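Reader: Could you walk me through this structure and show me how its labels are earned?
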Amino acid sequence: MKKKLLQYGICFIVGALIAYWVMDIEGLFLVNVHSEIAAILCDAFFVPGILLTMVGCLIWIATTGFFDSIGYAVKVGMHLLLPFLSRGESKSYYDYKMEKDEKRGKTPIFIFIIG
């Protein structure tokens, strides 16, 4: 439970810092017109919300194994271009995929929720 609270807290603080940064860039603390303040606040909370939501979606997609084929292709390409880096072993895609599936953890949904 403590680990979950820490994860949510850190993610919330990152979002709040991004919102503060957007407020500061757009000059919220220098404006006295209410309509401009509302527009700046909308921008300030939209930016971290969309960033955290998209990062959460990307992490969720990555934990499904969608990018495993790209990683395997890059690894094989690097071994073809730089053969001195290979350790003499060449895994099939199936073995690579099974190894990645064993290492893959649970999907971190907290980033998506905070976003």
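Author: Gladly. A pocket is an open set of points on a 1 Å grid over the protein atoms alone, where a 1.4 Å probe fits, with protein on both sides within 12 Å along at least five of seven lines; lining residues have an atom within 4 Å of a point. This is a predicted model, where local features need pLDDT of at least 70, side-chain atom pairs count only at pLDDT 80 or more, and totals for chains, interfaces and linings use all residues. Residues are numbered from 1 along each chain, and side-chain values use heavy atoms, without hydrogens and water.

Reader: What makes up the lining of the second largest pocket?
Author: K3, K4, Q7, Y8, K106, T107, P108, I109 and F110 line the second largest pocket. Helix α1 (residues 2-26) supplies the largest share, four residues. The pocket's volume is about 230 Å³.

Reader: Why is G105 called exposed?
Author: Exposed means over 50% relative accessible area, buried under 20%, and partly exposed in between (1.4 Å probe, protein chains only). G105 has 52% relative accessibility, so G105 counts as exposed. G105 lies in the loop between α4 (93-103) and α5 (110-114).

Reader: And why is L58 called partly exposed?
Author: L58 has 48% relative accessibility, which falls in between those two limits, so L58 counts as partly exposed. L58 is found in helix α2.

Reader: How do you know that G105 and T64 are apart in sequence, and what is their distance in space?
Author: G105 and T64 are 41 residues apart in sequence, and their C-alpha atoms are 9.9 Å apart in space.

Methods. Helix = DSSP H or I, 4+ residues; strand = E, 2+ residues; numbered from the N terminus. Points joined across faces, edges and corners; volume = space filled by probe spheres on them.
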